[in-house]
Amino acid sequence: MKTLEQTINNIKPLSELHMNAAKDRLDKLIKPVGSLGKLEDICIQIAGITEKKYFDTDKKIVIAFAGDHGVYEEGVAPDPQKITRLQFPNFTKGVCGVGAISKFVNSDVVAIDLGINTDEKLDGVIDYKIRKGTSNMAKGPAMTREEAIRCLEIGIKVANESIEKGYNLIGIGEMGICNTTPSSAIVSVIADCDPIDVTGIGAGLKKDRVAHKANTIRKAIELNKPDKLDGVDILSKVGGFEIGGMAGVILACAANRTPIVIDGFISYAAALIAYTINPMVKEYMIASHTSAEAGAAKALEILKLNPMLNMDMRLGEGSGSALAFNIIEAANYAYKNMATTDEVDIGK
């Protein structure tokens, strides 16, 4: 708990001084004012995050977490749970979605097991297993409050270590069969809306089963009564270990003044947990893409985030985070290398 409290207390607002300095430079570049749109917004935001007029975004990493879920036994996912175990080692091999895109954009990937339902040692996966999956939230809390704090603090630890190694642009990713169910539950609690409004097909659930999935979430919320103002309580009652890990990374990045790129719907749920714990973390988030999953719009509305891409993606893994890295680097390169009107005569 001490690590979590220290991290929360170290989160400060963005630097208006450095944001204004970045905007001043952008306005002097040889282009119409504001004509690079979101690319300019990214540069201003990162200047405020890093407290630097000029900053680096060249050393990138996707920190991904995996965990299984007890609520799987309620029939809320079409795929076998063993896919979590089978797919997660591919994250660091460059052969799955996030692995291939990360390789293309020259980003590293680290894979952390927080709760995969296996005793097997997984190749390329770092073992921080809390236990072999959460409990069934439709029958009781998904985890204890102590376990919720633990997965948050593991996320903080991994992020801190990455920042110490020099990573200056961090994305988050995940793996966990049926984890759209706890994610929809988290959005439903924080948005104070009916689960059917934020529940979708996930990784391919047949549409006639979506109502059952929403009913399962409704049952879990009614049974566990998570406190919508307490992010740790929500995580423990209806969350997942991998969601907590990602939320911990978000908190750590904010505490270390490092930009954090969020992925799709599952990461939105993690972002909401982190935001409920400390609302200032929102200023450190860069939203990569608009997830096609139901509930995405509601989550982004609460966070007031406007993703840079709309690619109809719903893969997860961190694929959107990795895809956004090159856009962020392009924004920074243009910001640093375009000439200003003071440097070039363009017919004044």
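**Figure 1. Aromatic pairs and the Tyr54–Tyr335 contact.** Four aromatic pairs are counted in this protein, which is shown here as a predicted model. In one of them, the ring centres of tyrosine 54 and tyrosine 335 lie 5.8 Å apart and the planes meet at 40°, so this pair is classed as tilted. The two partners come from distant parts of the chain, 281 residues apart: tyrosine 54 belongs to the loop between α3 (38-50) and β1 (60-67), and tyrosine 335 belongs to helix α13 (residues 319-337). Is tyrosine 335 buried or exposed? With a relative accessible area of 1%, tyrosine 335 is buried, while tyrosine 54 is partly exposed at 41% relative accessibility. Phe55 joins in too, as ring pairs link Tyr54, Phe55 and Tyr335 into a cluster.

**Figure 2. Positive charges over tyrosine rings.** Tyrosine 335, met above in the ring cluster, also has a charged neighbour: arginine 25 lies over the face of its ring, at 5.8 Å from the ring centre. A second example is found at tyrosine 167, where lysine 59 lies over the ring face at 4.8 Å from the centre.

**Figure 3. Helix α7 and its surroundings.** Helix α7 covers residues 180-191, and its end C-alpha atoms are 16 Å apart, in agreement with the 16 Å that its 12 residues should span at 1.5 Å a residue. How many of the 12 residues of α7 are buried? The count is 11, so the helix is largely enclosed by the rest of the structure. Among these buried residues are Thr180, Pro182, Ala185, Ile186, Val187, Val189 and Ile190. If you follow the buried residues outwards, you will find them packing against α8 (210-224), α9 (231-238), α10 (241-255), α11 (265-277) and α12 (296-303). Just after the helix, aspartate 192 takes a positive phi of about 55°.

**Figure 4. Threonine 181 and threonine 216, two buried threonines.** Threonine 181 sits in helix α7 and is buried, with 0% relative accessibility. Leaving aside residues up to four places away in sequence, threonine 181 touches Val71, Val76, Met137, Lys213 and Ile217. Threonine 216 is found in helix α8 and is buried as well, with a relative accessible area of 4%. Which residues does threonine 216 touch, not counting those up to four places away in sequence? They are Val71, Glu74, Val76 and Ala138. Val71 and Val76 therefore appear in the contacts of both threonine 181 and threonine 216.

**Figure 5. Alanine 271 in helix α11.** Alanine 271 lies in helix α11 and is buried, at 0% relative accessible area. Its contacts, not counting residues up to four places away in sequence, are Ile250, Ile262, Met285 and Leu303. For a sense of scale, alanine 22 is 249 residues away from alanine 271 in sequence, and their C-alpha atoms are 26 Å apart in space.

**Figure 6. Positive phi angles in two loops.** Why look twice at a positive phi? Most residues other than glycine have a negative phi. Asparagine 106 is not a glycine, yet its phi is positive at about 65°. This asparagine is placed in the loop between α5 (97-104) and β2 (108-115), where it is exposed, with a relative accessible area of 62%. Arginine 257 is likewise not a glycine and has a positive phi of about 50°. Its place is the loop between α10 and β5 (260-262), and here the residue is buried, with a relative accessible area of 17%.

**Figure 7. The whole protein, for orientation.** The secondary structure comprises 13 helices and six strands. The radius of gyration is 20 Å, close to the 20 Å that the globule rule gives for 348 residues, so the protein is as compact as a globular protein of that length. Along the principal axes, the C-alpha trace spans about 70 × 40 × 40 Å. Of the 348 residues, 59% are buried. Among contacts with a separation of 6 or more, 76% are between residues 24 or more positions apart. The protein exposes about 14000 Å², with carbon and sulfur atoms supplying 51% of that area.

Definitions and conventions
Residues are numbered from 1 along each chain as its sequence is written. This is a predicted model: local features need pLDDT of at least 70, side-chain atom pairs count only at pLDDT 80 or more; totals for chains, interfaces and linings use all residues. Side-chain values use heavy atoms; hydrogens and water are left out. Rings of Phe, Tyr and Trp (its six-membered ring) pair if their centres lie within 6.5 Å; planes under 30 degrees apart count as stacked, over 60 as edge-to-face and the rest as tilted. Helices (H or I, at least four residues) and strands (E, at least two) are DSSP runs, numbered from the N terminus. Buried means under 20% relative accessible area, exposed over 50%, partly exposed in between (1.4 Å probe, protein chains only). A charge sits over a ring if NZ of Lys or CZ of Arg is within 6 Å of the ring centre and within 35 degrees of the ring normal. The expected span of a helix is 1.5 Å times one less than its number of residues. Contact means heavy atoms within 4.5 Å. The radius of gyration is taken over C-alpha atoms; the globule rule is 2.2 Å times the number of residues to the power 0.38. Accessible areas come from the Shrake-Rupley method with a 1.4 Å probe; for residues, only the protein chains shown count as cover.
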